[in-house]
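Let's walk through this structure together, one part at a time. Keep the 3D view open as you read.

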Amino acid sequence: MVNTALTFNPVLPVYDADGNYTLTDPNADAWLDNSVAVTRIVDAVSNINRVLGNIYLEYEFIKDLKFRTSLASDIYHQTQDMYTPRTVYSGSFNGGQARFATTDLQTILAENTLSYNKKFGDIHQINAVVGFTFQNNKSRSFIDIATNFPNDVLGYYGIENAEDFPSIYASNAESAIVSYLGRVNYNLKEKYLLTVTGRVDGSSRFGSNNRYAFFPSVALAWRLIQEDFIKESGVFSDLKLRISYGKSGNDRISDYAYIRTIGGTTYFFNGGSPASGFAPQVPGNDNLKWETTNQFDVGMDMGFLDSRISLTTDYYYKKTVDLLYNSEIPYTTGYPVYLENIGSMKNSGVEFSLRTANLVNAFKWNTDFNISFNRNQILDLGGKTLYVNNDTYKLKIGTWSVIQEGEQMGSFYGLEADGIWQLDQDAEAAIYGNEPGDFKYIDQNHDGVIDANDRKIIGHALPKFFWGLNNTFSYGNLTLDVFIQGQHGNQILNSNRFELESGNGLSNASTDMLNRWTPDNPSNEYARANRNADYLKMSDRYLEDGSYVRIKLITLSYNLPNKWMSALKIDNARFYVTGENLLTFTKYTGFDPEVSRFGFDNTRMGYDYGGYPSAKSYIIGVILNF
Amino acid sequence: MKKIFIFTVILIMLFSWSCNKQLELEPHKIYYDNFYQSEQDAISAINATYSLLTYVNQYNSYLWLIQDVGSDDCNARESLNDPNIHQFNDYNLQSTNTYLQGIWQGSYLGISRANIVLQKVPDIKMDSTKKTQILGEARFLRGLFYFNLVRLFGDVPLVLTPISSDLTDEEVYLKRTDKSLVYDQIIEDFTLAAQGCPKAYYQSTEKGRATKGAALGMLAKTQLTLKQWDQAASTCNQVMDLGVYDLWVDFTDNFKDARRNGKESVFAAQFYKGETSQNNQIVISGLPFVQGVFNAGVEIMLPTEDLLNSFEEGDYRKEATFFDHYWYDTFDPHIYKHWDQDAYDAEETAQCGSNFDVMRYSEVLLMYAEALNEASGPTSEAYTAINQVRARARNGNADVLPDLQGLSQDDFRTAVLHERRMEFVNEGIRWYDLVRTGKLIEYVKRAKGDKANPQTFNYVFPIPQRELDNNHNLTQNPNYQ
């Protein structure tokens, strides 16, 4: 939608002379929808019904030995109806289109535990649990598309009048996890704390040979503040040293992914004789197994001045092995990707969290500050390099990111830009088939051609550090919260600029193009206007510093005095005004540095293409508790 | 004591419930190891191989689009916002070209499906005639996919079996196979297909499957490409002797839905406009954009002046191939050959259900004429064959397109190439013809001037970068990087 608005011909009016929406731009060949029309008249309604249930039974066999069994369920039903009338471009050539989607999800979780809790005098305390849990998830979805409606009057309510039902999609899936677990907590004199856990998890998402895996962990804590020599020093009001090591697993892949499943297709012989065909859709992998993370953590909790100042510091080292990854494989195999366990990766870093009570009298001021530094590195990929492509949408820029041994996740990959060819460089430009005014790139291997072999890692999507700062000021019943956050050292691929700075005149352009290269204006940044510009080359030209500092949230609230409220039988009443995303300091030229087209997919970070920016919003509210 | 008893019972109940069965979930899907059991499964497997033919990266568009734009027949529309198409027009082809990547992907997907049929179907208990036919069809389709690949890319990896479930390095990191070995395989596939496939299908729901004639026709074309003139002529002769094929009296009948899979169609990708996905519909890419009439005219390519001027005076095929007006709208000449106006209104042309002929009988006649001429000069059989095609193009006007006679071998060679050009505009043939006759550079420059600069290395296209990135054993064609 944002992309449509950005690239739509700016000269075209929203409405044509007859007062109808302008559907599309006759001079462009990329079919663009009128974003005003889409926003105003595409009718989309979603309904969700959800039932959550939980029952349990607890029984004490003998003193301190308890059995507990519980059953929880989550039943979710969603319908999504949408109607695209013929007055927008996408509905104009199929006589209006309705889409009906139903999704059902059902989760059942059964947990059975036996626990033993015993204190032996003041010295030993033991808490032990063994248990068995079982979880089953079922999902079912159904989508029906209807087209060619007699008119747009009824919208999706008129489905029985639709002429064609061109496609139906249905899916059914189920997964289950079985766990056997045990945990022992041992507490010696409130000074030394030991926790040992072990669990065996089984997941239906892996083949029968690799379903189960064992995940142990051990944690030790030493409450130094209980030691006399610390207590007597008088420096600390709290001091605790923590150290832990553990293993955990990840089975977050789609259901049945290990099986070579077969899907249907239809070929029509002789003008409409349907011949149904079946062929494998994914290669499957019998050897798929759990991705595991080994984590070591050492930390210290400190309190000073009666805990008006508390500081927590942590160092961690995480090594993840057998990463579950959809590797691209050559098309010669008959499949584009192969889900496999591959290589290993580390994350290590430090985290600090500081909490201070600056003023504690009638006027109170508390500060919370936290900051994290993380270093990510791919340790091993079995000698492979994994390429991340984006050929699914209309902006076909091919490979733009790469996963490589020794490098970080989220490494941008492409050519290194070197300004613009200038008039006096025409001879050299001609070697590369360019003219003055064209983009210039660094010929990394000096072979006289700019091509795929000149690509390299040109930037990183992971920040060097990020932080958050919250200040709370209060006086009487009035409270002011100010939350600021920031991150530094990351880059964003502003891919909107591929089109907006293409200079080919076929889509709307950025106003920066007013400063494009001309013989009289030897810009070194924006190329000349050129109908046949080859503008889809990934380069660091489109990478921008994604660092930012943002005033994320300011809330001013007022608690009405209790004595007024008790008369009204109200326990608590609070009025508040909140502003979100009020102010951002950044060099990023896109709409929003907090952007990710691919959500939380950590192989495709920092990609901005028509991202819908975070809204600046103001909320006024009242909270009443009875 | 009683408490301990209850406790034990509960424990046993809970652990027995938790047995491995909870993780054995039936996928509600068919999968590789429980399929390929019955005759119906075998038919489904071959149908899935056919379905590739209508993919956008195959005969729906890419396979013929690049033939038009990459040859002297068409120019990409100047204002077309697609650098990947202009690369074919201007001969600055990049390994990242999305059209070439698509063709490669679709062809190997088709090959992998044909390989599954050839591996799984022999073990299925079913009617043996039907089994022979299905294996023949799979051979035909695999041969067709490889024939396209080897002509576009030269040496390509030769895959003849489906991948195993634990995907070994040998299956992933394939080397390119010398093209002469790829051609050997294509000849074997078409030869075995000709033995397995029936002469014709009499049930209307089966028409469009590979026939003996289709396999022989493609075999002849392979032999012609390899300059095996005697074999090519004799294979063409076999097709002619089948007695199945003939020319339509009216050239335009070839492009009518009512005549689909008719007597002139040797093999066609089957399209259909119905309540289905777009893969079954074909885009008439050459139509103009005229608001309110051709709303979806994508106008990717326009005929070159050179092509328009090459038609002899009165050649009926010129008016059957191009139009420059529609009712009151006038425009530059555009290719509209594949648009069946009896079946589709102008506004429906974005999605037509017309077949795309991979080979027509007129090509068998012209291949026959060419092979005979190359083997032993313009024989009377050669003249008969080419003049049969010319006679039909007169469309009843005896004053035009005189019969050819008395040509030297070289003039006859030129005449056949010219006749093929007039006959097969927009039918996915021209670039291959220019390459195999060695005329690409001369003719493209003649038609397009300085704008296009093809060179000898352009006789094959670059191997897609995605494949090079993911397979360290693959090498690029010379002069492409």
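## Where the two chains meet

Let's start with polar contacts: across the interface of chain A and chain B, 19 residue pairs are in polar contact, with both partners at pLDDT 80 or more. That pLDDT score comes up here because this is a predicted model. On the chain A side, eight strands each supply at least two residues to the surface that touches chain B: β1 (43-62), β3 (97-120), β4 (124-147), β5 (164-188), β6 (192-203), β9 (261-269), β10 (273-280) and β15 (386-390). Which strand gives the most? That's β5(A), with 10 residues. Sort the residues on this side of chain A by character and you get 41 nonpolar, 27 polar and 16 charged.

Charged partners show up across the interface too, with a count of two salt bridges between chain A and chain B. For one you can look up yourself, find Glu328(A) and Arg466(B): they form a salt bridge, and their closest N and O atoms are 3.7 Å apart.

## How much gets covered

How many residues take part in the contact between the chains? On chain A there are 84, and they are in contact with 88 residues of chain B. Together the two chains bury about 7600 Å² between them, and 59% of that is on carbon and sulfur atoms. In chain A, the residues that lose the most area to chain B are Tyr267(A), Tyr331(A) and Thr332(A), which together make up 11% of what that side buries.

There's also some strand pairing between the chains. β9(A) pairs with strand β1 (residues 30-31) of chain B in the antiparallel sense, over two bridges. If you want to spot it, look for Thr261(A), whose bridge partner in β1(B) is Tyr31(B).

## A little sheet in chain A

Now for a sheet in chain A. Three strands form an open sheet in the order β24-β23-β27, and the pairing is mixed. Which strands sit at the edges? They are β24 (543-545) and β27 (607-608) of chain A, each pairing on one side only.

Strand β23 (residues 491-494) of chain A pairs with β27(A) in the parallel sense, over two bridges. Look along that pairing and you'll find Leu493(A) opposite Tyr607(A) in β27(A).

## Two loop residues to find

First up is Val449(A), in the loop between β19 (439-441) and β20 (456-460) of chain A. Is Val449(A) buried or partly exposed? Its relative accessibility is 34%, so Val449(A) counts as partly exposed. Compare its position with Gly433(A): the two are 16 residues apart in sequence and 8.6 Å apart in space, C-alpha to C-alpha.

Then hop over to Asn81(B), which sits in the loop between β2 (74-76) and α4 (83-90) of chain B. Why does Asn81(B) count as buried? Because its relative accessibility is 18%, and the cut-off for buried is under 20%. From Asn81(B) to Glu137(B) it's 56 residues along the sequence and 39 Å through space, C-alpha to C-alpha.

## Chain B as a whole

Zoom out to chain B and you'll see 18 helices and seven strands. Its C-alpha atoms fill a box of roughly 115 × 50 × 45 Å, taken along the principal axes.

Chain B has 481 residues, and buried ones make up 62% of them. As for contacts in chain B between residues at least 6 apart in sequence, 69% join residues at least 24 apart.

How values were computed
Residues numbered from 1 in each chain as written. Chains lettered and ligands numbered in written order. Predicted model: local features only at pLDDT ≥ 70, side-chain atom pairs only at ≥ 80, totals over all residues. Heavy atoms only, no water. Contact = heavy atoms within 4.5 Å. Buried area = accessible area lost by both parts, 1.4 Å probe. Salt bridge = Lys/Arg side-chain N within 4 Å of Asp/Glu carboxyl O. Polar contact = N/O pair within 3.5 Å; in protein donor to acceptor, adjacent residues only side chain to side chain. Helix = DSSP H or I, 4+ residues; strand = E, 2+ residues; numbered from the N terminus. Nonpolar A, V, L, I, M, F, W, Y, C, P; charged D, E, K, R; others polar. Pairing = 2+ DSSP bridges. Buried < 20%, exposed > 50% of the residue type's maximum accessible area, 1.4 Å probe, protein only.
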